[in-house]
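User: I'm new to this one and would like a walk through it. Can you show me what we're looking at?

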Amino acid sequence: MKKEYENTKILKTDDLKNILGIGRDKAYALMRSEAFPSTKIGRTCFVTEKKLEIWLDNYAGREFEL
């Protein structure tokens, strides 16, 4: 693994649900959205904490429709 990813926190759908305070269906829909920076391995979607923070900053003050 590259050194730049050593301390990277990986978030799954349940983590996203808890962090954003959204329901399970919305969390899954967000992870599957093309506008969201998730990665899919098999049937599991992941997003890094850093990518989530950048995405949230980019959508600050705007509405995101699923």
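Analyst: Let's start with a rule we'll need: two strands pair if DSSP finds at least two bridges between them. Keep in mind that this is a predicted model.

User: Okay, so over how many bridges do β2 and β3 pair?

Analyst: Pairing takes at least two bridges. β2 and β3, the latter being residues 44-48, meet that in the antiparallel sense. One spot to look at is Lys40, which stands opposite Cys45 in β3. The count of bridges between β2 and β3 is three.

User: Which strands stand at the edges of the sheet?

Analyst: The sheet is open, has three strands and pairs them antiparallel, in the order β1-β3-β2. An edge strand here has a single partner, so one of its sides is left without a neighbour in the sheet. That fits two strands: β1 (10-11) and β2 (39-41).

User: Which helix packs on the sheet, and what angle does its direction make with that of β3?

Analyst: Look at residues 49-58, which are helix α3. Helix α3 touches β1 and β3 as it packs on the sheet. Its direction and that of β3 make an angle of about 75°.

User: How are the rings of Phe36 and Trp55 arranged?

Analyst: The structure holds four aromatic pairs, so let's take this one by its numbers. The ring centres of Phe36 and Trp55 are 4.9 Å apart, with the planes at 80°. Planes over 60 degrees apart count as edge-to-face. So the Phe36 and Trp55 pair is edge-to-face.

User: Where in the chain do Phe36 and Trp55 sit, and how many residues apart are they?

Analyst: Phe36 is in the loop between α2 (24-32) and β2, while Trp55 is in helix α3. Both residues are buried. The pair links distant parts of the chain, 19 residues apart.

User: Is Tyr59 buried, exposed or partly exposed?

Analyst: Tyr59 makes an edge-to-face pair with Phe64, at 5.0 Å centre to centre and 80° between the planes. Arg62 lies over the face of Tyr59, 4.6 Å from the ring centre. Buried would need under 20% relative accessible area, and exposed over 50%. At 22%, Tyr59 therefore counts as partly exposed.

User: Which residues form the one aromatic cluster?

Analyst: We've already met its members as two pairs, one of Phe36 with Trp55 and one of Tyr59 with Phe64. The cluster is made of Phe36, Trp55, Tyr59 and Phe64.

User: Which residue forms a salt bridge with Asp25?

Analyst: The structure holds one salt bridge. Its closest N and O atoms are 3.3 Å apart, inside the 4 Å cut-off. Asp25 counts as exposed at 55% relative accessibility, and its partner does too at 53%. That partner is Arg24.

Notes
Residues numbered from 1 in each chain as written. Predicted model: local features only at pLDDT ≥ 70, side-chain atom pairs only at ≥ 80, totals over all residues. Heavy atoms only, no water. Helix = DSSP H or I, 4+ residues; strand = E, 2+ residues; numbered from the N terminus. Contact = heavy atoms within 4.5 Å. Axes fitted to C-alpha atoms, helices over the stretch in contact; angles between N-to-C directions. Salt bridge = Lys/Arg side-chain N within 4 Å of Asp/Glu carboxyl O. Buried < 20%, exposed > 50% of the residue type's maximum accessible area, 1.4 Å probe, protein only. Phe/Tyr/Trp six-rings, centres within 6.5 Å; stacked < 30°, edge-to-face > 60°. Lys NZ or Arg CZ within 6 Å of the ring centre and 35° of its normal.
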